[in-house]
Every structure is written in C-alpha cells, then in structure tokens.
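Me: I am in my first year and would like a close look at one part of this structure. Could you take me slowly through a single helix and what lies around it?

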Amino acid sequence: MFVRLLLAAVLATTLVYAQGGKKGGGAGGGGMGGGMGAPQRPSKLEQFADKLKLTKEQKQDLQGVLTDAFKEAAPLRDQMDQGRVAIAGAMIEGKSADDLKKLSDDYTILAAQMTGIEAKTFGKIYESLKPNQQPKAGQAFELLVAVLEPAGGGGRAGGRGRGRQ
C-alpha cells in the first residue's frame, strides 16, 4: 500500500513538474501531454495591445516608449524594493510608529513618482492612438501599469487602490 502511494506521489509530482516547465517556453510543447496543459495566457503587454487593437507600427512605437519608461523607472523600482524591505524589517524589529511613518512616507513619495512615470508613458501611448482606439485606452491603463511593474509586482499596485487581488 505504501509503495503504491509513494509511486502515485512521484507520478503526480513528475506530471506537475512537466507541465510547469512549459509555462515559460510557449513553443515546442512536444512530448507528453501536448494538448493537456492549459492554454498559454497572453502577456500583459499582448493584452494591452489586443485591447486597443494596435497596428504593427503602433506596437513597434509602443516598444520604444516602454523601453524609455523602463529605463526611467528602473532606479525607482530598486528604491521601492529597498523601501518595502526596510518597512518589513522595521515592523519585524518592532520599531516605533514614528519610524514606520517616516519609512511609509518615503515609500509613498517613490510610489507617486512611479505613478508619474506611468501616467507620462500612458500619455505618450494615448497620443499615438487613432480616435477609434482612444475610448478603450482607460480600460487598458491597468495592463500598462502591470507591464511597468517589477516581475513580482511587489504588492505596489494593490496597495495603491488599483483593485487587484
């Protein structure tokens, strides 16, 4: 009985591992279970472009605008990461409310600066949209914000009331 249970656990782990390895690849998917995995979910950038029905030329322009935004936002993202670590560390160490408020205020300033970069980037993209694409732009803003966030997201957007779960 124990051997069967152990064998089932190994098999289940192998299947989970095999399916998990396909997430980043996107192509290739030969081998076991080719059609059994969940369909690939489009990236936030692809969702953004699809929602606005961007042309090929607009997508190329979007890449340029986003590259500039990433360069501008990189130091801020690093400072925000350090700020989150500092806040968590202060909470763990039982620092005073005044110390936590100072750290939170510093973080809020960084978050506001990041929002400024996001808004400026969105404005540049909005200007390049055709009149029939502009009405959907507001709905696509949150996708753009997700594109500009660091890989893990860090909880920043959720803490600013963007409605993410």
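Reply: What follows is a walk along helix α3 and on to a residue of the helix after it.

This is a predicted model, in which local features need pLDDT of at least 70 and side-chain atom pairs count only at pLDDT 80 or more, whereas totals for chains, interfaces and linings use all residues. Residues are numbered from 1 along each chain as its sequence is written, and side-chain values use heavy atoms, with hydrogens and water left out.

Helices here are DSSP runs of H or I with at least four residues, while strands are runs of E with at least two, numbered from the N terminus. Helix α3 covers residues 56-92, and at A73, shortly before the proline P75, there is a kink of about 40°; the bend at a residue is the angle between axes fitted to the seven residues ending there and the seven starting there. A73 is also one of the buried residues of α3, a list that includes V65, L66 and A69, where buried means under 20% relative accessible area, exposed over 50% and partly exposed in between, with a 1.4 Å probe and protein chains only. Just after α3, G94 has a positive phi of about 75°.

Helix α4 then spans residues 97-128 and holds T121, which counts as buried because its relative accessibility is 3%. Apart from neighbours within four places in sequence, T121 is in contact with V65, L66 and A69, and also with L144 and L148, contact meaning heavy atoms within 4.5 Å.
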